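Reader: Please take me through this structure one feature at a time. I would like the general idea before each case.

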Amino acid sequence: MNILITGGAGFIGSHTCETLATAGHRVRILDCLDPQIHGEKPTFPDQLTRQAECVRGDVCSLRDCHAALEGMDAVLHLAARTGVGQSMVDVADYVDTNVRGTATLLEALAKSDRIGSTRLVLASSRAVYGEGLYACARHGRRHPDPRGRAQLAAGRFAVRCPDCGEAMRPVPTPESCEAKPLSAYAWTKRHQEDLCRWAADAYGLPTVILRYFNVYGSGQSLNNPYTGIVSIFCSRLKAGRAISLYERGL
């Protein structure tokens with residue numbers, strides 16, 4: 001297949017590109033090479049250029065999306081701003097890249113002659129679940145609403161059952177769990193999902209949505225503060241520095 005990876009020069013994208021290229025697929029990458037991720041003078045790594053056709057462009061540009069989609073059988077949409085904390089202050093930037101970028105990609109697909117045959121995979125996030133699933137000893141599983149600011153400020157971190165008020169314990173969150181986003185980042189990922197579901201229904205666009213949890217592995221940047229908790233813990237341990245734990249370490 002001919003596969004386009006938006007944001008393909010990032011950590012997940014580069015590993016995915018290697019896997020696809022090794023399997024014999026033709027890969028094209030569309031990436032803006034954001035300096036926060038790729039440094040002040042960003043370029044595509046040599047290994048990536050050997051595996052794929054690398055195009056520097058912006059997913060928010062309809063022209064760039066049109067050109068990148070030419071001849072493609074499938075799209076893996078990874079291009080996004082990531083990081084919960086940063087999204088709470090850079091709100092417009094996150095909405096612009098994540099929501100408008102997805103809308104632009106879908107518009108380019110809708111205006112192409114391959115809208116019904118091009119497969120789409122969206123990289124969403126576990127963040128859309130919010131608090132995730134919990135279990136009460138008396139009332140079973142519950143998906144609680146977000147804890148309030150006053151509760152957290154008072155140091156009362158326990159997630160409590162809405163029926164009896166007792167503290168609940170976290171349990172694995174299934175994909176059937178309702179979306180209850182907490183952060184601006186999470187809301188943009190939810191909006192990405194909504195747009196892709198709409199396109200799937202409206203155009204018959206074959207679509208799969210993956211909700212990534214914390215990812216980590218070789219080649220991950222330890223300089224970018226928004227690469228996830230595993231890389232943060234590893235980099236601090238290697239440097240002999242203390243790990244910051246929140247909510248009393250629980």
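Author: What follows goes through the sheets, the cores, the cysteines, the salt bridges and one loop residue.

Reader: What should I know before starting?

Author: This is a predicted model, in which local features need pLDDT of at least 70, side-chain atom pairs count only at pLDDT 80 or more, and totals for chains, interfaces and linings use all residues. Residues are numbered from 1 along each chain as its sequence is written, and side-chain values use heavy atoms, with hydrogens and water left out.

Reader: How do I read a sheet, and in which order do the strands of the 6-stranded one lie?

Author: Strands of a sheet pair through backbone hydrogen bonds, either parallel or antiparallel. Helices (H or I, at least four residues) and strands (E, at least two) are DSSP runs, numbered from the N terminus. Two strands count as paired if DSSP finds at least two bridges between them. Here, an open sheet of 6 strands has the order E3-E2-E1-E4-E5-E9, and its pairing is parallel. Strand E3 (53-56) and strand E9 (207-212) are at the edges with a single partner strand each, so one side of each has no neighbour in the sheet. From one strand to the next, the twist averages 15°. For angles, axes are lines fitted to C-alpha atoms, for helices over the stretch in contact, and the values run from 0 to 180 degrees between N-to-C directions.

Reader: How many bridges join strand E1 to strand E2?

Author: Strand E1 (residues 2-6) and strand E2 (residues 26-31) run parallel and are joined by 5 bridges. Within this pair, Ile5 stands opposite Ile29 in E2. Helix H1 (residues 11-22) lies across E1, E2, strand E4 (74-77) and E9, at about 170° to E1. Contact here means heavy atoms within 4.5 Å.

Reader: What is the strand order in the sheet of 3 strands?

Author: That open sheet has the order E7-E6-E8, with antiparallel pairing. Its edges are strand E7 (140-142) and strand E8 (169-170); each has a single partner strand, so one side of each is without a neighbour in the sheet. Strand E6 (residues 134-136) is joined to E7 by 3 bridges, and Cys136 stands opposite Gly140 in E7.

Reader: How is a nonpolar core recognised, and which residues have the most contacts inside the largest one?

Author: In soluble globular proteins, nonpolar side chains tend to be buried together. A nonpolar core is a set of buried Ala, Val, Leu, Ile, Met, Phe, Trp, Tyr and Cys residues joined through side-chain atoms within 4.5 Å. Buried means under 20% relative accessible area, exposed over 50%, and partly exposed in between (1.4 Å probe, protein chains only). The largest core has 20 residues, and Leu4, Leu69 and Leu205 have the most contacts inside it. Helix H4 (62-69), helix H6 (91-110), strand E5 (119-125) and helix H8 (184-203) each give it two or more residues. H6 gives the most, with 4 residues. A second, separate core has 15 residues, among them Ile5, Leu20, Phe44 and Ala52.

Reader: How many disulfides are there?

Author: A disulfide is a covalent bond between the sulfur atoms of two cysteines. The rule applied is a pair of cysteine sulfur atoms within 2.5 Å, and the count comes to 0. For Cys17, the nearest cysteine sulfur is that of Cys54, 6.7 Å away. Cys17 is buried, with a relative accessible area of 0%. For Cys65, the nearest cysteine sulfur belongs to Cys60, 7.9 Å away.

Reader: How do I read a salt bridge, and how many does the structure hold?

Author: Side chains of opposite charge can pair when their charged atoms come close. A salt bridge is a side-chain nitrogen of Lys or Arg within 4 Å of a carboxyl oxygen of Asp or Glu. The structure holds 13 of them. Glu53 forms one with Arg28, their closest N and O atoms being 2.9 Å apart. This pair links distant parts of the chain, with Glu53 in strand E3 and Arg28 in strand E2, 25 residues apart. Glu53 is partly exposed at 35% relative accessible area, whereas Arg28 is buried at 8%. Glu131 forms a salt bridge with Arg147, at 2.8 Å between the closest N and O atoms, and both residues are buried.

Reader: Is Glu40 buried or exposed?

Author: Glu40 is exposed, with a relative accessible area of 72%. Glu40 is in the loop between helix H2 (35-38) and helix H3 (46-51).
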